[in-house]
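Please walk me through this structure, starting with its two chains and ending with how they meet. Plain prose is enough.

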Amino acid sequence: MAGLKEDPVLGIDGITIKEELKIVKPEIDKLRGDHPVLETVGEVIKGESLINNRSVIDKVREEGSCGQGERDMVPLTSNSIHRSGSRPQLDLSKAAIEGTFEERDPTILLPNQSDDISHLALDIGGSLIKLVYFSRHQDRLTNDKRKKTVKERFGISNGNRRSYPILGGRLHFVKFETSKINECLDFISSKQLHCGGMDSHCWHSETSPNGNALIKATGGGAYKFADLFKERLGISLDKEDEMDCLVAGANFLLKAIRHEAFTHMEGQKEFVQIDQNDLFPYLLVNIGSGVSMIKVDGDGKFERVSGTNVGGGTYWGLGRLLTKCKSFDELLELSQRGDNRTIDMLVGDIYGGMDYNKIGLSATTIASSFGKAISEKKELADYRPEDISLSLLRMISYNIGQISYLNALRFGLKRIFFGGFFIRGHAYTMDTISFAVHFWSKGEAQAMFLRHEGFLGALGAFMSYEKHGLDDLMVHQLVERFPMGAPYTGGKIHGPPLGNLNEKISWMEKFVQKGTEITAPVPMAPPGTTGLGGFEVPSSKGGTLRSDASALNVGVLHLEPTLEVFPLLADPKMYEPNTIDLSDHNELEYWFTVLSEHLSDLVDKAVASEGGTEDAKRRGDAFAHAFSAHLARLMEEPAAYGKLGLANLLELREECLREFQFVDVYRSIKQRENEASLAVLPDLLAELDSMTEETRLLTLIEGALAANIFDWGSRACVELYHKGTIIEIYRMSRNKMQRPWQVDDFDVFKERMLGPGDKKPRPHKRALLFVDNSGADVVLGMLPLARELLRRGTEVVLVANSLPALNDVTAMELPDIVAEAAKHCDILRKAAEAGGLLVDAMINTSDGSKENSSSVPLMVVENGCGSPCIDLRQVSSELAAAAKDADLIILEGMGRALHTNFNARFKCEALKLAMVKNQRLAEKLIKGNIYDCVCRYEPVS
Amino acid sequence: MEHNREFEIDGNSNPIQISRLALDIGGSLIKLVYFSRNSGDDEDPPKDKVGVSNGVNGRLHFAKFETAKINDCLEFISANKLFLGGGFQHQENCTNDRRFIKATGGGAYKFSELFKEKLDISLEKEDEMDCLVMGANFLLKAANQEAFTYLNGQKEFVQIDHNDLYPYLLVNIGSGVSMIKVDGDGKYERVSGTSVGGGTFWGLGKLLTKCQSFDELLELSHQGNNRAIDTLVGDIYGGMDYSKVGLSSTTIASSFGKAISDNKELEDYKPEDISRSLLRMISNNIGQISYLNALRFGLKRIFFGGFFIRGHSYTMDTIAVAVHFWSKGEAKAMFLRHEGFLGALGAFMSYESPSLDNLVVNQMVPLPVNASLVTDTNSDTLKGDLNGTESIQCSIYRA
C-alpha cells in the first residue's frame, strides 16, 4: 500500500467505509422484507442516488421471476428485446443502438445488463469458504455485415455455440471466513447464485428429489453446514470429494492458465510456463488447516501420499493463543516485523556464534524452534508478538517444505506445487517454504506456487458439474482481467464486489474521500460484473510493508471460446508477445510514469467523448482513480496480476476505460482524422501512380512509416498535433525519411517483391496487414500499401482491433473507410467488392461494371483484442481462419510490431514497420533515437 | 533435571574412585558420563572375560543437569572431584597443570571459559555427531537390552544382531533434531534434521502453560486430551471418517486447529490438553520425517534417542505410531535405554587411550547393583519408566 499512501489523492487516512455500508444494510433488509421481489436486485439499491431510476424499475420487473427457464442462446436480435417478462434476461435500460440507422443489423449495447446466467460451487473449509461462480455474458452483440461475409468466406460456422462446447462467460473467485458464514449466505442470496445456472444448454437443471437446487460443494464444511444451506437458501449441497476437487482444480489451472505457477525465492517471483504435455506427475501440497500431499498422475488420477497435521490451523491456532491476534491476517502481518532470533535457538546460540560447518549448518540456522523460550526467565508477555509470529511461521513453513520435498523425492516427482490458504500470497511464507525445499534438496527441487491458490477445491467442485465444458478449454481461450477493485483486494477475503457502474463510481468516490482504510466486509451490494475477490484493504501502517503486499490478485477469468492461437506463429510454445518485460523495475517505473502523465489528458478526452456531461465527469474521475490504483498496486507488486509485460499494462488501461463505460474515447478524433486523410488520398494515389514500380514501393514503405507518426498513444506525437495539420505533418514526416533507417531491410524486401532481375517473382497469395492508428496512418499509409499488393494480385486482409484502443482503427470502422476510399480508386473498389466489403455501400460510382472475378479480394477481419498491442496466442477465430492461406504478414506500428512481436517469428514472411516514437524504446530496442524507423523483413526461415 | 539424588549421596558419602568424566553440554541439558572404579576389585569378573587380568572393573555413571543451572553441574563436578580422573591411564597426569575433559555439544564451546574459570578445566571439544554415533554404536553393540520398540504401551526389547546393525538411522532428539545415517563405526552422515524438537516442546509449552520444567510439562500431558485443541478429521467431516484417504475421524487434521475458531483465550484451555497436543504434534512430526528419511536411504531401523524422549511412554508411543502409520506398518521405531547419554558416552569413549575397543561391558547388562550405587536400577527393567541413568558395570582394559 506504500504506493497508494504516497498518492496525494488516494492516500487519505480516515474512517472506514465499513461503517457507512453498515448503515445502509438495515435499510436494505427492510426493503427486502417489504418487497421480497427487490431482493433479487439488491445490487441496484445502495442507498445512493441511482444513475437512472428507471433502470431499477426495469430491473425489478425483468428479474422478478428468476430465470428457471431455458436461456436464449441465439445471438440477440431486436426480436428478443420484445420477449415477455417470463423470460426476463435482459436489462434494457439505457440500451442504445450503435451505428447509423442505415445498418441493417446494428449493434445493441446493453450497458446495464448484468450477469444473466450464473453457476456456483463452494469449498467450505475449516477457516475459509471459497466460492467460484460463473456468469454468462452475452458476447458483444456485433452482428454486422462484415462479420457475416468474413464468416462465409473463411468457412467459420455461424453456429459458434455448437462448435464450442463452452459458453463465453466469466469465472469469479470470492472468499469468506467460515466463521462468518452468514455473510457468505447473504452474498449468494443477494446475487441469486443459487437459483441461477439452470441453463440447459450448459448444465442440466440439477435439482434434488425434493425440488431443491443442488449446488456442488466440497471441503469438510459441505457436510457440516449442509443443513444451514438448506434452511437459509433452500439449496442442497451436493458433496464432492475434497481431493478430487483439489486435483481437478489444480489440473485445470495448470493447463488452462498460462502463467499460473511461479517460484518465489528471496522475495522474487518468477512465473513459470509449464508444458502441458510434461505436467504429470507432480506433487500437490495443499496447506489448509492441515496439510495434504497428493501425487497427481493425470486427470482424476492421484493419490494422497502424505500430509501433516502441522499446517495453517496450527499457525493460526498457536498464534492466537500466543499473541491474542484476532485474525490470521493480523498474525501474518505481525510476522513481517518479527525477529525470530529472540525465540528460536539458532545453531550459533549453541555453538557460541560459530557455524557448525562440519554438517553445513550456519550459525543462523534454526536449531530448535522456540528453543530459547526454555532457558530464559521470561514469560509469554515478555516476548514480542511479532517475534512469536515469525518463529511460528518459519517453523511451520520449513516443516511443510521439508516433508513435501521428502515425499517428492520418494516418488521421483520433479515439481512441487504449494497451494491452500496458509500461503495467501504471503511473501515470507513462500520464501520459507521455497528455502526449505531448496535447502533440503540442495537446490535440486523448486517449490512452486499457484496464483489461484486457495481456490483449487472450489474450482474443482465447479468442474464436477456435468457438462461444464471447462475440460476442453484451452489456454488461449481464457483472458484474465482485473476489474477496478483488484488493486484493493490483495487476493484476500470477501468484501463487496460491486454491481453496476454507479456503485463502482460511488465506491471510488468514497475511497477518495475516506482514504485507504476501507475494509468493507460484507457484500451488501452484490457484484455485477466485477467479481472482485473483495475489498479488504489492509491498513497500511507507517513504513512497513503490507504483509500481503506480495499477495497476488485474482482477476476474473473471461472464457472466450472463440479465441485461437494465431496459426502462423513459428513456435507458439516459445512465443512471448512482450518485448519489454516489466519485471525490470526501472522499465516498470518508466512506463508507469509515462502512463501517469498521460492520464489527465486521457481523462479529458474520455469525458469529452461522452459529451462532457456531469455523469461523464464522474466516470472520468472514477476511471482516473481506478487506473491510478492499478498502477500503484503494480508498482508495489509487479507480479500482482501475473506476469506483467508492457502489453498487459496498456490493455489494462483500455479495459479500465471500458469498465467505466468509455466506449471509444477517440471516436471523434478518429472520425476527423479519417475524413481529413481521405480527402487527400486521391492526390496521394495519383502521385504514387506516376512513379515507377521501384520508386513506388519505396515511397509506399516510406509513407507507411511516415504516416505511423499519427499516434495518440505517443506523447511525443500528441505534441506534434498542436503544430500542424495532418497532411503537413505527413509530408514533413515522409520527406524526413532518410534511408538507411535504423533497421532497414528494405532492399531485401524489394528484391522479394520486384526480383533481382527482369524476372518477376511470384506474388504473395495473401497478405495480412495488421493496421494501427486511424486517420493518416491507415488511410495514407496502409491503404496505399494494400492497394499495391492488390494490384500485384495478392489478396489483402486488413487486420484491425475488435474493440477501440486509443486512436487505433477498429474492424468495425474499416469497411466505411475502405468504402470511402474506394470511391476514388477502382483497384480498391473492385477488391473491396470482391471481399464483400461494399455490398451495402451505395455502388453508384463509375460505370458499375461488375468485374468482381477479375480482382483479388480486400477483406477486413477483427483481431480479437481491444488493446494497442497484440498477443498472437489469443486472436479471433476469423483472423485465425484468414491466416491459413496467408504467406505475408505486415505488422505496423509500435504496439504490434515493437512493444509486442518485435521478436516473434512466423511460418511465413513478415514485415515489421514502425516509427519509434519514444526515445527510451528507441535506445533500448534499436540503439537509435526517437522518430527512427524500423523496417524489418523476415523471410521464411 | 536434577541430577540423580543417589549420585549426590554416593558422591558425598562414598568416596569411590572417580576415574574419568565426559560431558555433553546441550542447549537445554548437560549430560555427564563418568567412570568409577569398583571400590574393591574383588568383584567376580564376568565369565566371558575370564583370563583378562589387566582390566579395570568399574561402573559408568550417568547424570544430567539443566544447562541453565550449569553452576549446579560445576559444583557437582567439583564436589566429586570428577575432573581428577582426566588422565585415567597414567594417574600422574592428574597432577599436570593442564587438566582437560572431553566434552561435546554446542555448550562445549559456549561454556569453555566458564569451566576454565571455575574449575580450571579445559574442555576438549569432541565433535557432536562423532560422539553421538560412537555412543549409539557402543550401546547397540555392547549393551544387551539397549534397544526396544514401544507400541500401545508395550515395550519390547529387541535383540540386534551385531553383524546386521548397519546401516541404521539415528534420530537424536535434543533441543533440535538430528537425523544421522550410520554405516559403521565412525562412518555416518547427518542426512536430515528438524528444528521442531525437544526445545520446541519445552519452549512452546513453557509459553503456553507456565510449567516450570520440562518434566512437569511432560507430566501434564499424561492427563490431557488433545481433542480440546486439535482439529480432528471428525471435526471437519461432522464426525465421519474421511475413509477415502484412510483418515479416521480421530486423526489429527490440524494441530491446535481448534484454537482458531473458538472464542476462547489461552486461559480457557487446560494446560494438560495443551501439553498433550504439543507433544503429539512434535512426536508425530519427528516420527514422520524420520520415517521419510529412512525410506529415502532404505534403512531398516530407526533408533530414536536424545532427551526429548526421556523414556516418556506417551512420547515414544506417538513417535512409534507415526512411524507405523506412515510406513503402513513396515517400519518400527526403536528406542534406546540410554537415550540422552549418547553424546556424553561418545565423548567418554573418545579419550585416546584406552581405545574404545577396550571398554567392554561386562555381561552387557546393567547390573542389578547391590552396591547401592544406583537405586533406580531394577532387575526387571521392563517395569517402570526407563530413565537410562542406571550405571553400567564394565571393565576398561589397558591397551
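The paragraphs below take the chains in turn and then their contact.

This is a predicted model, in which local features need pLDDT of at least 70, side-chain atom pairs count only at pLDDT 80 or more, and totals for chains, interfaces and linings use all residues. Residues are numbered from 1 along each chain as its sequence is written, while chains are lettered from A and ligands numbered from 1 in the order in which they are written.

Chain A has 33 helices and 25 strands; helices (H or I, at least four residues) and strands (E, at least two) are DSSP runs, numbered from the N terminus. Of its 941 residues, 57% count as buried. A residue is buried if 20 or more other C-beta atoms lie within 10 Å of its own, exposed if 12 or fewer, and partly exposed in between, with C-beta atoms placed from the backbone. Among contacts in chain A between residues at least 6 apart in sequence, 74% join residues at least 24 apart. Two residues are in contact if their C-beta atoms, placed from the backbone, lie within 7 Å.

Strand β10 of chain A, residues 282-287, is mostly covered, with six of its six residues buried. Tyr282(A), Leu284(A) and Asn286(A) point one way from β10(A), and Leu283(A), Val285(A) and Ile287(A) point the other way. In a regular strand the side chains alternate between the two faces of the sheet. A hairpin of three residues leads from β10(A) to β11(A). Strand β11(A), residues 291-298, runs antiparallel to β10(A) and is joined to it by six bridges; two strands pair if DSSP finds at least two bridges between them. Strand β15(A), residues 415-419, runs parallel to β10(A), with five bridges. Asn286(A) stands opposite Ser292(A) in β11(A) and opposite Gly419(A) in β15(A).

Ile416(A) lies within the range of residues given for β15(A). Leaving aside neighbours within four places in sequence, Ile416(A) is in contact with residues including Leu283(A) and Val285(A), as well as Tyr405(A), Ala408(A) and Val437(A). Ile416(A) is also one of the residues that touch the most other members of the largest nonpolar core, which has 337 residues. Others in that group are Leu122(A), Phe623(A), Leu769(A), Leu23(B) and Ile302(B). A nonpolar core is a set of buried Ala, Val, Leu, Ile, Met, Phe, Trp, Tyr and Cys residues joined through C-beta atoms within 7 Å. Helix α15 of chain A, residues 385-411, supplies the largest share of this core, 12 residues.

Elsewhere in chain A, helix α7 (residues 181-191) has eight of its 11 residues buried, so it is largely enclosed by the rest of the structure. Among the buried residues of α7(A) are Cys184(A), Asp186(A), Phe187(A) and Lys191(A). Just after α7(A), Gln192(A) takes a positive phi of about 55°.

Chain B has 12 helices and 16 strands, and buried residues make up 54% of its 399 residues. The domain assignment of chain B, which is automatic or from a database, gives domain 1 (5-131 + 339-397) and domain 2 (147-229 + 269-336). Their contact takes 13 residues from domain 1 and 20 residues from domain 2.

An open sheet of seven strands in chain B has mixed pairing and the order β7-β6-β14-β13-β8-β9-β10. Strands β7(B) and β10(B) stand at the edges, each with a single partner strand, so one side of each has no neighbour in the sheet. The twist averages 30° from one strand to the next. At the β7(B) edge, four bridges join β6(B) to β7(B), which run antiparallel, and Thr149(B) has Glu156(B) as its bridge partner.

Two helices lie across strands of this chain. Helix α5(B), residues 128-142, lies across β6, β8, β9, β10, β13 and β14 of chain B, at about 60° to β9(B). Helix α11(B), residues 313-326, lies across β6, β13 and β14 of chain B, at about 80° to β6(B). Axes are lines fitted to C-alpha atoms, for helices over the stretch in contact, and angles run from 0 to 180 degrees between N-to-C directions.

Finally, the contact between the chains takes 51 residues from chain B and 50 residues from chain A. On the chain B side, the elements that give two or more residues include β10(B), α6(B) and α10(B), and α10(B) gives the most, with nine residues.
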